[in-house]
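Work through these short exercises on charged pairs and the nonpolar interior. Try each task before you read its solution.

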2 protein chains.
Amino acid sequence: MLEKAVPRIVDADQRRRELTEAVWRVIRRDGVAAASVRAVAREAGTSMGALRHWFGTQDELLHFAMTLVMERARTRAEAAAAAGGPLVPRLLRVLEETLPLDEERRAETEVWLALTARALVDPQLAGLRDRSSAELHAFCVDVVRVLVAEGAARPDLDVDLEGERLYAVLDGLAVHAVTRPSVLPPDRVREVLATHLAALGATR
Amino acid sequence: MLEKAVPRIVDADQRRRELTEAVWRVIRRDGVAAASVRAVAREAGTSMGALRHWFGTQDELLHFAMTLVMERARTRAEAAAAAGGPLVPRLLRVLEETLPLDEERRAETEVWLALTARALVDPQLAGLRDRSSAELHAFCVDVVRVLVAEGAARPDLDVDLEGERLYAVLDGLAVHAVTRPSVLPPDRVREVLATHLAALGATR
DNA sequence: GGCAAGGTAGCACAGTCGTGCTAGAAAAGG
DNA sequence: CCTTTTCTAGCACGACTGTGCTACCTTGCC
């Protein structure tokens with residue numbers, strides 16, 4: 001009943017992360033369609049059997065890949081939120097954690113885009129995506145609320161509507177930064193986002 | 001040298017459109033990954049051979065599907081632009097032609113999203129997407145320019161930057177309307193977009 | 001030492017894939 | 001009538017797919 005032996009302690013979570021990052025590399029290089037069990041195993045330098053030990057099925061693999069994208073962005077965002085400094089730049093930095101402004105975040109965003117498209121026809125992934133987008137949307141609404149409360153945005157704003165608009169800017173920038181990187185380099189992305197936040201407070 | 005017989009006149013373009021719409025149905029129902037030659041032929045009620053007569057290869061099929069999305073949106077947008085009426089509502093209606101506000105446009109947007117994701121790893125599709133996004137981006141910049149010129153937007157706006165921001169709102173709304181339809185029904189999408197245009201002119 | 005369990009490896013199966021290919025049906029000019 | 005061309009049909013090939021499965025290696029407790 002109780003376990004008798006505890007052999008080969010390999011941190012399961014850590015192992016799954018390593019394998020999942022192999023999934024990311026395959027998705028980025030060859031697309032979701034190419035993220036087969038064999039291809040991922042080859043990329044990770046392991047065997048099909050080992051992979052299937054950690055992920056019982058192919059869908060589970062993609063599911064975990066999506067989870068990891070969300071988790072990492074959220075972790076970074078929370079760190080940025082906890083940092084000090086003036087309000088507006090700090091909120092900017094939190095929002096920027098979801099944008100592809102460096103190689104790491106670019107990888108995540110590309111995987112996010114690929115899996116978002118797949119979620120259109122994969123209910124399992126759709127559930128994940130819904131939870132994630134609800135969270136980010138709620139955060140955007142909160143950002144607007146805080147800006148209004150702190151006097152950094154006009155007091156007559158429709159908070160829900162502006163939250164929705166901010167969220168659209170955010171994901172629109174994410175898509176564009178990933179699909180048109182030469183037109184929209186990281187600094188330009190930051191500039192557009194900063195302009196948007198500033199515009200919420202423009203009273204003139 | 002000159003053709004001698006002209007048998008079975010089937011409008012090639014028309015036929016290709018019909019088949020391409022079968023591609024759309026498959027992509028919407030089962031995803032790009034499932035858009036195999038066999039599946040599309042079955043969906044179109046024809047044979048693999050017939051399909052391959054019109055599209056020499058699988059990539060050509062997807063390429064044409066993407067082309068058709070772009071072409072249809074552009075046709076509608078030009079019609080909306082040619083219509084009369086006051087400036088701002090007219091521009092709104094043109095921009096709305098790229099958004100999934102009814103069943104037809106929803107289909108196009110879903111296919112667009114799926115193919116945009118695939119374009120990350122398919123140079124052929126990437127070329128198409130680049131041309132299309134450059135065009136829409138340029139149009140967004142023009143919209144801002146016209147609004148400024150007509151006094152419907154603040155004269156001190158950075159036109160390029162605002163064009164970029166408008167484009168982000170547009171594609172962000174497209175993604176959200178397709179992935180979170182219950183939160184973002186068509187009227188809400190219109191409201192957010194209208195708010196954005198109005199905000200460009202907010203002087204208060 | 002023995003043994004149980006965690007972890008790895010990879011074969012086997014039945015299926016799907018894209019594409020090359022041949023063969024026939026349909027239609028119009030001679 | 002026959003010929004020519006367009007269009008349709010679908011078989012055949014080799015490659016790749018996800019997953020069930022067995023066998024093996026490694027580890028740590030008894």
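**Exercise 1: a pair inside one helix**

A:Glu18 and A:Arg15 both sit in helix H1 (residues 12–30) of chain A, three residues apart, about one turn of the helix. Helices here are DSSP runs (H or I, at least four residues), numbered from the N terminus.

The model is predicted: local features need pLDDT of at least 70, side-chain atom pairs count only at pLDDT 80 or more, and totals for chains, interfaces and linings use all residues. Residues are numbered from 1 along each chain as its sequence is written, chains are lettered from A and ligands numbered from 1 in the order in which they are written, and side-chain values use heavy atoms, without hydrogens and water.

Task: find how far apart the closest N and O atoms of A:Glu18 and A:Arg15 are.

Solution.
- Start with the rule: a salt bridge is a side-chain nitrogen of Lys or Arg within 4 Å of a carboxyl oxygen of Asp or Glu.
- The closest N and O atoms of A:Glu18 and A:Arg15 are 3.2 Å apart, and the two form a salt bridge.
- Now check exposure (buried is under 20% relative accessible area, exposed over 50%, partly exposed in between; 1.4 Å probe, protein chains only).
- A:Glu18 has 40% and is partly exposed. A:Arg15, at 22%, is also partly exposed.

**Exercise 2: a pair across two helices**

Task: state which parts of chain A the pair A:Glu43 and A:Arg29 ties together.

Solution.
- The side chains of A:Glu43 and A:Arg29 form a salt bridge, 2.2 Å from N to O.
- A:Glu43 lies in helix H2 (residues 37–44) and A:Arg29 in helix H1, so the pair joins parts 14 residues apart in sequence.
- A:Glu43 is partly exposed at 25%. A:Arg29 is partly exposed at 47%.

**Exercise 3: a pair in chain B**

Task: decide whether B:Arg105 is buried or exposed, and do likewise for B:Glu97.

Solution.
- The side chains of B:Arg105 and B:Glu97 meet in a salt bridge of 3.8 Å, N to O.
- B:Arg105 has 11% relative accessibility, so B:Arg105 is buried.
- B:Glu97 has 15%, so B:Glu97 is buried.

**Exercise 4: the total and the core**

Task: give the number of salt bridges over all chains, then locate the largest nonpolar core.

Solution.
- The count over all chains is 56 salt bridges.
- The largest nonpolar core (buried Ala, Val, Leu, Ile, Met, Phe, Trp, Tyr and Cys residues joined through side-chain atoms within 4.5 Å) has 121 residues.
- Domain 1 (12–56) and domain 2 (65–201) of chain A both contribute residues, so this core lies between them. The domain bounds come from an automatic or database domain assignment.

Definitions and conventions:
Helices (H or I, at least four residues) and strands (E, at least two) are DSSP runs, numbered from the N terminus.
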